[in-house]
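Visitor: I would like to look closely at just one part of this model. Please pick a helix and walk me along it, including what it touches.

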Amino acid sequence: MEDFSAVYRECYPRVLAYAASHAGAQRAEDITSETFTIAWHKLDQMPSNALPWLLGIARNLVRAARRQVRHDELDDVPITDDFVRVVELRAALSSLSEADQEVLTLVAWHGLAAAEAAQVLGCTTATFFVRLHRARRRLQAALSFANFDRARESWKTS
Amino acid sequence: MEDLLKELAQAKPPALPVDRERMESDLARIIALPRTQSRRSFKRFAPVLVAAAVIALVVVLLPKPTQPVQPAASAPWWHALTQEWSLMVVGNSANPYIVRLDSKTDRWQSRNSQVTVLQKDGTVEPFSQDDDAKWEAAGKPATVPQAYGSHAVRIGPMKPAVQQSYVSGFQMSLHSPVRLDSFDALPADPVELKKTLATLTSERTDYRIASLAMDVMTSNVRADQRQAAFELLKTLDGARVLNNVLLRNGRYGIGVAITAPAPFQFYQAETQFVINPETGMPILRRDVLTVPQFGMPAGEPISEEEYLLLEATNIDPIVPQDVPVNGEVESPIIER
């Protein structure tokens, strides 16, 4: 029980962050709580590096919640020079498939190594690299498209 | 491209502040819940050498069941959730490349009925970055021909299918037509179990017996029957005990390897069956190359079935609502 509590306290913030980024802040705490409840019931299966396994559980819970919530509010971004770029990046990200978003954010937002992210997604590391490569390319394409759109809008108004 | 990921990291939403009060109250509530499985210490807190020694010992003496021998669970459903993948060589034989077929199967079985969700979360895509490059160079075809075969495979997502049947008795596995009225009568002695399994099939090769023994282990049998099946596997001709199998989740399993008949497109492989040394429950079954083939080294898995869930449950099957029951199964493998 002490071991579980230690893992719980260590991983709680990162599971919460994962849930918040994929299902929205309102549902994040409930999803996190449910994740650890399932983990408690499956304690015998908990690996030594528990975080990817926990995120795998959270991922399944997030999928259902995600269909009901969009969370592309930008209230959290201060209006600075980077604001436009952040808006572009998040808009481009949200234009991608859920699978692409997941691959990219596991690495860029949740700081997982490729092997850990592969574990969350239930695929091999080699497969993960392929998916990451494709998702990055599609994100780049989405950004380029957005930039082209903006340029076209400026032509209209100039 | 790397810069793009760094930029994306900068666009990360701020972390949600942790509500410590809720966190601790949730923890208190969770650890007050009854657990469905026996507790044990995490390996993270055990020295690696001790763990290795324990595993080695367990190889010699198959783990005793953690619970007293008792009849198979009386819950109405046996629920098996598996993740399968396999590799297929495609393209022209002068410049072949490899695609991976990946999906889950959700299967519920009761005395008189079986419900199966096939091709769940399924997808077909190039296996490695090199394979991806070859597929792109070929113009990213939606359908690619099998190399050395008469079929083709569709790249992209698979369409799930739901199958439901009402037939008395238990089918041993999706891959086997063998049915039993009950698992209770299966012997808990390896020698007797082998004799019984041999009566269930006309193909009495050691590999066929091994396949049936593996099916027994993934079924709703008692722990002593499962243990007998594993002991049986170890006695088969050419069987090799796997002492220390490193799994993707960082844990270790023990298992048995047995020479496999040449899988389609490949010519030398063995089937490995890996179990959890602490519970005796199956973890995975996979076919592994024993000599380098198609640029892949010996030891490379070419197909795998991972047992994500094997449990008796009172919860009725959960099937996708938008998929017709017993509708057409749109396999990704199609006629050319």
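Guide: Let's begin with a word we need: a helix here is a DSSP run of H or I of at least four residues, and helices are numbered from the N terminus. Keep in mind too that this is a predicted model.

Our part is helix α1 of chain A, which covers residues 2-23. Start with its length. At 1.5 Å a residue, the 22 residues of α1(A) should span 32 Å, and its end C-alpha atoms lie 29 Å apart, which agrees. Still, the helix has a bend along the way: at C11(A) there is a kink of about 45° in α1(A), shortly before the proline P13(A). Follow the chain on to the end of the helix, and just after α1(A) you meet G24(A), with a positive phi of about 95°.

Beyond that comes helix α2 of chain A, residues 25-41. The axes of α1(A) and α2(A) come within 8 Å and cross at roughly 140°. To count as roughly antiparallel, an angle has to be over 145 degrees. The two helices, α1(A) and α2(A), are therefore oblique to each other. Their crossing is right-handed.

Which residues do the touching? From α1(A) they are F4(A), Y8(A), Y12(A), V15(A), L16(A), A19(A), A20(A) and A23(A). Across from them, α2(A) offers A25(A), R27(A), A28(A), E29(A), I31(A), T32(A), T35(A), F36(A) and W40(A). Sorted by class, this contact between α1(A) and α2(A) has 13 nonpolar, two polar and two charged residues. Look at the spacing in these lists with one general idea in mind: an α-helix has 3.6 residues a turn, so residues three or four places apart point the same way.

Now look outward, to the other chain. In chain A, 46 residues are in contact with 45 residues of chain B. On the side of chain A that touches chain B, at least two residues each come from α1, α2, α4 (83-94), α5 (98-108) and α7 (125-157). Our helix α1(A) gives the most to that side, with 10 residues. By class, the side of chain A facing this contact has 27 nonpolar, 12 polar and seven charged residues.

For a comparison with our oblique pair, glance at chain B. There the axes of helix α5 (residues 190-198) and helix α7 (residues 223-235) come within 8 Å and cross at roughly 80°. That makes α5(B) and α7(B) roughly perpendicular to each other. Helix α6 of chain B (residues 206-217) meets α7(B) at another angle: their axes come within 9 Å and cross at roughly 155°. So α6(B) and α7(B) are roughly antiparallel, and α6(B) passes α7(B) in a left-handed crossing.

Back at our helix, the picture to keep is of α1(A) kinked at C11(A), oblique to α2(A), and giving the most residues to the side of chain A that touches chain B.

Technical notes:
Residues are numbered from 1 along each chain as its sequence is written. Chains are lettered from A and ligands numbered from 1 in the order in which they are written. This is a predicted model: local features need pLDDT of at least 70, side-chain atom pairs count only at pLDDT 80 or more; totals for chains, interfaces and linings use all residues. Axes are lines fitted to C-alpha atoms, for helices over the stretch in contact, and angles run from 0 to 180 degrees between N-to-C directions. Angles under 35 degrees count as roughly parallel, over 145 as roughly antiparallel, 65 to 115 as roughly perpendicular and the rest as oblique. A crossing is left-handed if the near helix is turned anticlockwise from the far one by less than a right angle, and right-handed if clockwise. Two residues are in contact if their C-beta atoms, placed from the backbone, lie within 7 Å. Ala, Val, Leu, Ile, Met, Phe, Trp, Tyr, Cys and Pro count as nonpolar, Asp, Glu, Lys and Arg as charged, and the others, Gly among them, as polar. The expected span of a helix is 1.5 Å times one less than its number of residues. The bend at a residue is the angle between axes fitted to the seven residues ending there and the seven starting there.
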